[in-house]
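Student: I would like a close look at a single part of this structure, with the reasoning laid out step by step. Could you take the salt bridges as that part and follow them into their surroundings?

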Amino acid sequence: MERYLQLCARHNMYVADCTTPANFFHLLRRQMKTTFRKPLIVFTPKSLLRDPRCVSPIEDFTHGAFQETFDDETVKKADVKTLVFCTGKFYYDIIVKRAELGRNDVAVVRLEQLFPLAVDQIKAIIDSYPNVDDYVWAQEEPKNMGAYGYMLMNFDLVKFRLASPAPAAAPAAGSSVRSKARYAKAIAKVFDKNL
């Protein structure tokens, strides 16, 4: 993913990782309705096709437009101490873990469009949380992969703490047991600064 984002920095294109069917619909609609053509790269994991949490009401399809970011509307902003930024399907596993732990002090923000980065929207979201002292970039890819390097180069309003698997030579662990353990540890890092 980082390689694609670096390519995009040199070319005029869009890179997105949608978390809802309606937002994916509006992304494709925006692509077709614009009067000019740009390449569009969309990261779409197959697991979200079967995930019962990844649904959109019909009204979301018939109204609105593509959203580059989604703020967390399930928390009280004054209670939030940790603000987590992520993309794609990792969001759903983070919110499940947050519910298991009963952590009302953690908000999860989804970046739906990575390039061009909606810096003004992200800044507005950050400013709306008055008590946050911990900013986290969470990704399922190892530290040396994914969008983390891109975010470090292109977003410097806050210092991110990384919640991801350790750097690796390959994205796959080679074993489903090892892969699940790495994935679980990455999610645990979101909620524990000491891991």
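Tutor: In this predicted model, a good place to begin is D134, which counts as buried because its relative accessibility is 6%, under the 20% limit for that class. The partner of D134 is R161, and the side chains of these two residues meet in a salt bridge with an N to O distance of 2.8 Å. The pair links distant parts of the chain, since R161 lies in strand β8 and D134 in strand β7, 27 residues apart. R161 is also classed as buried, because its relative accessible area is 18%, again under 20%.

The two strands that carry this pair have a helix beside them. The buried residues of α8 pack against β7 (134-138) and β8 (161-163), and also against β4 (82-86), α5 (90-101) and β5 (106-111). Within α8 the buried residues are Y183, A186, I187, K189, V190 and F191. As for the helix itself, α8 runs over residues 176-191, and its 16 residues, at 1.5 Å a residue, should span 22 Å, which agrees with the 24 Å between its end C-alpha atoms. In an α-helix, residues three or four places apart point the same way, because there are 3.6 residues a turn.

The pair of R161 and D134 can be set beside other salt bridges, of which a search of the whole structure finds 10. Side chains of opposite charge can pair when their charged atoms come close. In one of these bridges, D105 is joined to R103, with the closest N and O atoms 2.8 Å apart. Here D105 is partly exposed, because its relative accessible area is 22%, and R103 is likewise partly exposed, with a value of 23%; the class in question lies between 20% and 50%.

Another bridge brings together the side chains of R53 and D51, with 2.6 Å from N to O. In this case the two partners fall into separate classes: D51 counts as buried at 14% relative accessibility, whereas R53, at 35%, counts as partly exposed. D51 and R53 do not stand alone, for salt bridges that share partners join D51, R53 and D93 into one network.

To return to the starting point, R161 and D134 are a salt-bridged pair in which R161 is buried and D134 is buried as well, and the strands that hold them, β8 and β7, are among the elements against which the buried residues of α8 pack.

Definitions and conventions. Residues are numbered from 1 along each chain as its sequence is written. This is a predicted model: local features need pLDDT of at least 70, side-chain atom pairs count only at pLDDT 80 or more; totals for chains, interfaces and linings use all residues. Side-chain values use heavy atoms; hydrogens and water are left out. Helices (H or I, at least four residues) and strands (E, at least two) are DSSP runs, numbered from the N terminus. The expected span of a helix is 1.5 Å times one less than its number of residues. Buried means under 20% relative accessible area, exposed over 50%, partly exposed in between (1.4 Å probe, protein chains only). Contact means heavy atoms within 4.5 Å. A salt bridge is a side-chain nitrogen of Lys or Arg within 4 Å of a carboxyl oxygen of Asp or Glu.
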